[in-house]
Amino acid sequence: MGRYAIRRLLQLIPVLLGTTFLINYMVWQLPGDPFAGRCGQRPCPDSYVNAMRAQFGLDQPILVQYWNFLKNMLSGDLGVDFNQVPVATQLADAWPITIRLALLAVVIEAVIGIGAGVLSGLKRGGFLDNVVTMSTLILLSLPVFVTGFLLQWLLGVQFQIVNPTVSDEAPVSELLVPAFVLASLNMAFTARLTRTSIVENLRSDYVRTAVAKGLANRRVVGVHLLRNSLIPVLTFLGTEVGSLMSGAIITEGIFNIHGIGGLLYRAITGQDFTIVVPVASLLVLVYLVSNLLVDLLYGVLDPRIRYE
């Protein structure tokens, strides 16, 4: 597995370089000048626009811009945004909050989604299976912002169980409801995927053999059935870590969470690409690393998988 992990890490390098180059190229080559409209109602003077373009290196060829970006990223120097505020400081304040939110959402997806899917698959056609199916259909039909506003109004305003908005510190207790909202759609997918995998593997030879040997149902399900059924679910959950961090814009906006989602939204609307580019590049890195970890976990769940 060690050689496989090293080879996969080496394969990540060209992928990371290619994606970050595309991000830099596409963002900075968008139509319009990001500095031309930063002077209120009147157009910005050419001297100001030229000075800003020179400060951020936009007057240089794209390859030179990308090389400078790589050097700065590797050295930890992310520069300043268009308001001369250090980008690294803003990321340091926002990143831990979004990481907590995304990890909580993944835990909720895994615990509730896998648990509901297993029970639904084992009780196929029964009352519990119908309840899980109807619940997942409801979650799949509701957009995230509808679920967010509904829970915010119901739990925060009507019953006052939680705060309608999250404080600046964003403790875990205040992030539980936003994490559930963020995980709601993918939790339904996880439950349905787990159910399908359980039902399919129940007909497998190794399950029938385990039952014929007289093993307890708990051991058949927990050791034999669940480990093999979780492989596609693990793949789905692994890819969700990066997507949840980048997809938290709506949830963070509803609950006033000062994380990466809010920071990225403000940067996009303000055309402040000095924040958009490093945030998007870091999200790509998180996505690639999470996929690598998922691939390495395959061998733990299924001993038949060999890394070469």
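Student: Why is Gln84 called partly exposed?

Tutor: Gln84 has a relative accessibility of 42%, and residues count as buried under 20% relative accessible area, as exposed over 50% and as partly exposed in between, with a 1.4 Å probe and protein chains only, so Gln84 is partly exposed. This is a predicted model, in which local features need pLDDT of at least 70 and side-chain atom pairs count only at pLDDT 80 or more, while totals for chains, interfaces and linings use all residues. Residues are numbered from 1 along each chain as its sequence is written, and side-chain values use heavy atoms, with hydrogens and water left out.

Student: What is the backbone like at Gln84, and where does the residue lie?

Tutor: Gln84 has a positive phi of about 65° although it is not a glycine, and it lies in the loop between α3 and α4 (87–122); helices here are DSSP runs of H or I with at least four residues, strands are runs of E with at least two, and both are numbered from the N terminus.

Student: How do you know whether Asn256 is buried, exposed or partly exposed?

Tutor: The relative accessible area of Asn256 is 38%, and because this value falls between the two cut-offs, Asn256 is partly exposed. Asn256 sits in the loop between α10 (249–254) and α11, and its phi is positive, about 55°, although it is not a glycine.

Student: Which residues of helix α11 are buried, and what follows the helix?

Tutor: In α11 (residues 260–269) the buried residues are Ile260, Gly261, Gly262, Leu263, Leu264 and Ala267. Gln271 follows α11 and has a positive phi near 55°.

Student: Why does Gln65 count as buried?

Tutor: Its relative accessibility is 13%, which is under the 20% limit, and therefore Gln65 counts as buried. Gln65 belongs to helix α3 (residues 62–75) and, leaving aside residues up to four places away in sequence, touches Trp28, Gly57, Leu58 and Gln60, where contact means heavy atoms within 4.5 Å.

Student: What makes Ser290 and Asp295 of helix α12 buried?

Tutor: Ser290 has a relative accessible area of 8% and Asp295 one of 18%, and since both values are under 20%, both residues are buried. Ser290 is placed in α12 (residues 273–301), where Asp295 is also found. Apart from residues up to four places away in sequence, Ser290 touches Gly238 and Val241, while Asp295 and Leu234, 61 residues apart in sequence, are 9.2 Å apart in space, C-alpha to C-alpha.

Student: How do you know that helix α7 falls short of a straight helix, and where does α7 bend?

Tutor: The expected span is 1.5 Å times one less than the number of residues, and for the 30 residues of α7 (residues 172–201) a straight helix would reach 44 Å, whereas the end C-alpha atoms are only 37 Å apart. α7 bends by about 50° at Ser184, the bend being the angle between axes fitted to the seven residues ending there and the seven starting there.

Student: How many helices and strands does the protein have, and how much of the protein is buried?

Tutor: The protein has twelve helices and zero strands, and 41% of its 308 residues count as buried. Of the contacts with a separation of 6 or more, 76% come from residues 24 or more positions apart, and the C-alpha atoms fill a box of roughly 80 × 55 × 30 Å along the principal axes.
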